Amino acid sequence: MAGGGDPGNQYFCTASRGLEQLLREELSLKLSASEVEPFSGKVFFTADADLKKLKSLKCAERLFLLVKKLPPIQVATHKGAKHCLWKGVHMLQKYVIGESSEWLNIVAKWKSLQDLNKEEERISDNTRTGIKRPAQQESGETRKRSKLELGESPVTDFNESPTGPHNTHSLIEECYQSKSPTQMPSSPDELLNSKGQGAASSMHFRVSCRCSGKIAKMITSQELGRAIGVALSRQMGWKAELRNPVLEVYVHISDVHYVVGIPIVRLPLARRDYIKSAGLRSTVAWAMAYLADIKAGSLVLDPMCGLGTILLEAAKEWPTAYYHGVDNTASQLQMASANVCFAKLTNSIDLMRASVTELPLLTESMNVVICDIPFGKKFKISQDMKTIMPYILKEMVRVLSIGGTLVLLLSQELSLLMQQWQKLKSHPNDKGNIAVWQNPDTTPKDTDPVEHIDVQPISVEKEQSDVKTQIFASLVPTGIFQVSLGVTEAAIHRYKKILIS
Ligand SMILES: C[S@@+](CC[C@H](N)C(=O)[O-])C[C@H]1O[C@@H](n2cnc3c(N)ncnc32)[C@H](O)[C@@H]1O
């Protein structure tokens, strides 16, 4: 394709809410993507990139070849009026599926990407000889997890575990034609290569459908997925295979658009093959490292490293820096150590047991400090976080060099508190050069009462106040980025350390 000015294929990625903007930057940097359009948890783009480059995206959850993106249509569906509902569903089926030729074209594109994928996997399998798959990937539990990640529950967001009362399999299997597993094709080649286009009629596929907005009040994702699956099966002569399909068709019907895509790789990109035990969401960990501006030779510290996800993500992407992980819990460090070995990063990441408030490190010895400050039930720190946070910050700032970068993942509450502390300590007219990507409803306004976030009166906590003054005098905020962690919302804060004159 190269050389002819071909802009390439159209794709879209799903991304955690808040990461769309960073994904956009990543797409431009890594793929020179064009027509990049972030939109509500998805980023659409065009790229002429090989599969290796596509798979190098770290901010994306899943990656799809775009089949179509359609504007919504008026569907006459009245709750309770069955005949009317099914008329509407019929309209949707026809609209979403469209022409057979479109499907044949897109499947051909998908297949050429699969060929590249297969070749790449064959090479990497050969070079990996002797390296055992991680135990958890071989366990029954993981097999179950992979199936879920493949989208067995059409209602489920790809980022979440599927739930719900419906037995999708039985519903869909009633409608799609079935075929015994022994007759199943083993690869896309078997379907498309050997017998030419006609062989595409033996394509084994499934539809993963997600409905949101108005339509979700009228029909379930399973019902609509089944209807689209049946119609596609009839039109193309494809066979339903819910457990191990060769082709997966993803459909998202919402109030803003109808999106149809085919996943390029079976597992989500966000499920890293180099991480044995997952901690923080990998895409968020990568985003934190990206924002930290890690340079060759930088010394990078995560002083509450847990399983080491941030360090792993950073060391894979910026391998010429040196990484240090600290945690005060032996079991966390054990798992972090197993992760580091598994990822073959023992040369660039070292780990030690210590407290974040007493780091055994020299003053100004680190160029970057990145930290996922614990919140929520799982990692509740015994002392009140509002009380302890100034001391955590003080120690992080001590070990950070002048000009160094501090990146923190904070709960919404702590994020607001930090912004208030910052405001109280800085000159009233100095807003700094701060990039803010956040939801308007969580942005503290100048008019917001301080009581709103329950700040302790400064006069009462003199010592704490002094600590905060000292910290924020040397920290210049350079960005606040709202991110979703699935069930909770959080904020990434970025600061630069300056010399206090
Ligand atoms: C939110 S978790 C970090 C998760 C990590 N980002 C990951 O991906 O696994 C917070 C970590 O802080 C550690 N921690 C709590 N108090 C600490 C302290 N005083 N000093 C150092 N680490 C501490 C906990 O043991 C826990 O592993």
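The legends below describe close-up views of a predicted model. In this model, local features need pLDDT of at least 70 and side-chain atom pairs count only at pLDDT 80 or more, while totals for chains, interfaces and linings use all residues. Residues are numbered from 1 along each chain as its sequence is written, and side-chain values use heavy atoms, with hydrogens and water left out.

**View 1. Residues around the ligand.** The ligand has 19 residues around it, each with a heavy atom within 4 Å of the ligand. Leu280, Leu307, Thr309, Asp327 and Thr329 come nearest. The shell consists of 10 nonpolar, 7 polar and 2 charged residues. Here Ala, Val, Leu, Ile, Met, Phe, Trp, Tyr, Cys and Pro count as nonpolar, Asp, Glu, Lys and Arg as charged, and the others, Gly among them, as polar.

**View 2. Polar atoms beside the ligand.** A polar backbone atom of Leu280 is 2.8 Å from an oxygen atom of the ligand. At Thr329, a polar side-chain atom lies 2.8 Å from a ligand oxygen atom. A nitrogen atom of the ligand is 3.3 Å from a backbone N or O atom of Asn328. The protein buries 91% of the 600 Å² that the ligand exposes when taken alone, by the Shrake-Rupley method with a 1.4 Å probe.

**View 3. Cysteines without a disulfide.** The whole structure contains 0 disulfides, a disulfide being a pair of cysteine sulfur atoms within 2.5 Å. For Cys13, the nearest cysteine sulfur is that of Cys59, 9.4 Å away. For Cys371, the nearest is that of Cys305, 9.1 Å away. Cys13 is buried (under 20% relative accessible area, 1.4 Å probe, protein chains only), at 0% relative accessibility. Cys371 is buried, with a relative accessible area of 0%.

Key. A polar contact is a pair of N or O atoms within 3.5 Å; within protein, one must be able to donate a hydrogen and the other to accept it, and residues adjacent in sequence count only if both atoms are side-chain atoms. Buried means under 20% relative accessible area, exposed over 50%, partly exposed in between (1.4 Å probe, protein chains only).
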